[in-house]
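Hi,

Here is the structure we talked about, with the sequence alongside. Have a look first, then read on for what turned up.

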Amino acid sequence: MPLLTLGLVGMVTAPVSNTARAEQLTARLQADAPIQTAQEPATSAGPAPEAQAPAPSHQEAKPQVMRLTLEEAIARALKANPQVAQAKGSVTNAEAAELSAVGAYIPSLSASASGSLASSERIEPVTGAVVTGSNDTYSAGLAASWNVFTGGQRSATRKQTRAQSGAAQAQLTAQRATAVLSVERAFYEVLRATGLEEVANARIERARQNEDAAERRLAVGSATRSDLLRAQLDRTTAREALRTAETQRTSAALALGRLVGEDGPVEASPDANITPKPLTLTDAALISELEANAPDVLAAASTLGASQAGVSVAKATYLPSVRLSAGYDWFNQDPSFNGGRTSWSVRLGVSYPIFDGFLREERVQRARTQEVVSQAQLADTRRAVRSGAGQALAQLRLAEDRITFSVQSVEVAREDLKVQQERYRLGATTILELLTSQESLVQAEINLVSSRFDYRIARAELEALAGRPL
């Protein structure tokens, strides 16, 4: 009789404790911050045999890893990203080419100096002896030249280099946005895996409590061994889910570490607030702005401008060129500035290639072909940006709805679990129905974690198209 009384007391108290613990673990999913609940110690009649065993080796001594906020990770990634470094180099090269195009309007100036020492031999007419002497010369000169007229080539080249510089700047903005998107994806994948770990830990705790309750009920004869086996199977499944989430977190942390320039994994510090934020523009206004001012569109438009200027550069070869040059020279046979001879010259020349083997025609045709290609690329880029913005907005709205649905699902699943735990306590249901209710809660928690970070990734993709935060 005392044994039966003790079993009934365990049946009454254990489910109540389970209900309170499940509420504590699942209610944290409703908060904005990711779950950070540690696994709680057992409070039932005794620890399960697995709880007394030492932890697996992969959990014993985890090394300390770097933990970064999203802003810190982005700042580090922009410094370590090779594509961003290459885009910066392209901007520098384009600026140098633009400076060179301006320099074509300025006269060129050069200075030269030379000296030569040479020996000479001659025959003395009177004596017939061979006399050795020297024949030294020293010279210096200053020359200047200026292209008076180039057929419009200088102005077209300057316009072309300005357009190329604008394209390089736009491509740098687009490359930075792409790098930021890659970091945000990896960052949110780390947080997603962290949230899934917490869900798995909560599931393991509930499974352990179910196993303890099934053991007590089996001891007093109010449950079958099948109940205990089902509880043990549920706990094993929960541990497998935890290992999967840990592996995903490790992989995501390694990917984040590579992006920020670290050799090992990097953990992500959770955001203070991950609730959805409304966009500052309507969907139609945002798409219109992206179609006109997205970095990819600006780069394509600048490339088209450079191609159009290239046609003018090629056509300039059909016109004559006029060049003005001047020079001043000094000659002396002694290494002295005294004496010597000087000369100066001024020259105005006109050149016009009458026939160059159709090279001018080839250059013009190539330039026109590039212009046609650039026009097609600009039109396609605008369509791509419009399509990508529409898809990103659709994913953003879907993620917002899923967050709302997931929050409701977690609330419903939690209430359903309370009912099933009470029915199981009273013997009105089986452990199979209890485990089904717990599985529904777990799936709702997983969906809530995933939908929150799906929203952040969708918003990051939209911001990458815009090249700026939205």
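**The surface patch**

Let's start with F149, which lies in strand β5. One thing before going further: this is a predicted model. F149 has a relative accessible area of 36%, so it is partly exposed. It belongs to a nonpolar patch on the surface, made up of L109, L142, W146, V148, F149, Y318, L319, L324, Y328, W344, V346 and L348. Together these residues have about 1200 Å² of accessible area. Which elements give two or more residues to the nonpolar patch? They are β5 (137-149), β7 (321-332) and β8 (341-351). The largest share comes from β5, with four residues.

**The overall picture**

Zooming out, the protein has 10 helices and eight strands. Of its 470 residues, 37% are buried. If you take the contacts between residues at least 6 apart in sequence, 79% of them join residues at least 24 apart. The protein exposes about 26100 Å², and carbon and sulfur atoms supply 57% of that.

**The cores**

Now for the inside. The largest nonpolar core has 25 residues, and F187, Y188 and L256 are the ones with the most contacts inside it. Two or more residues come from each of α3 (70-80), α5 (153-219), α6 (225-259), β6 (266-268) and α10 (431-466). The element that gives the most to this core is α5, with nine residues.

F187 deserves a closer look. Its relative accessibility is 0%, so it counts as buried. Setting aside neighbours within four places in sequence, F187 is in contact with L68, T69, L70, L256, A268, S269 and D271. Apart from this core lies another one, of 21 residues, and L290, V297, L378 and A392 are among them.

L378 also gives us a link to S302, a residue in helix α8 (residues 295-315). The two are 76 residues apart in sequence, yet their C-alpha atoms are 9.3 Å apart in space. Is S302 buried or exposed? At 19% relative accessibility it counts as buried, because the cut-off for buried is under 20%. Leaving out residues up to four places away in sequence, S302 touches A163, G166 and A167.

**The aromatic pairs**

How many aromatic pairs does a search of the whole structure find? The search gives three. One of them is F187 with Y188, an edge-to-face pair at 5.9 Å centre to centre, with 80° between the planes. Y188 is buried, with a relative accessible area of 2%. For the pair formed by F355 and F358, the ring centres are 5.2 Å apart and the planes are at 90°, so this pair is edge-to-face. Here the surroundings are another matter: F355 counts as exposed at 60% relative accessibility, and F358 is exposed too, with a relative accessible area of 55%. There is also one aromatic cluster, formed by F187, Y188 and F453.

**Around the start of α9**

F358 lies in the loop between β8 and α9. You may want to look at its backbone: phi of F358 is near 65°, a positive value in a residue other than glycine.

R360 lies in helix α9 (residues 359-426). Why does R360 count as buried? Its relative accessibility is 5%, and buried means under 20%. Not counting residues up to four places away in sequence, R360 touches T317, Y318, Y352, P353, I354 and F355. Two of these names have come up already: Y318 is in the nonpolar patch on the surface, and F355 is in the edge-to-face pair with F358.

That's the tour.

Cheers

Notes. Residues numbered from 1 in each chain as written. Predicted model: local features only at pLDDT ≥ 70, side-chain atom pairs only at ≥ 80, totals over all residues. Heavy atoms only, no water. Buried < 20%, exposed > 50% of the residue type's maximum accessible area, 1.4 Å probe, protein only. Contact = heavy atoms within 4.5 Å. Core = buried A, V, L, I, M, F, W, Y, C linked by side-chain atoms within 4.5 Å. Phe/Tyr/Trp six-rings, centres within 6.5 Å; stacked < 30°, edge-to-face > 60°. Patch = residues over 30% accessible without salt bridge, like charges linked within 9 Å, V, L, I, M, F, W, Y side chains within 5 Å. Areas by Shrake-Rupley, 256 points an atom, 1.4 Å probe, with all protein chains shown as cover. Salt bridge = Lys/Arg side-chain N within 4 Å of Asp/Glu carboxyl O.
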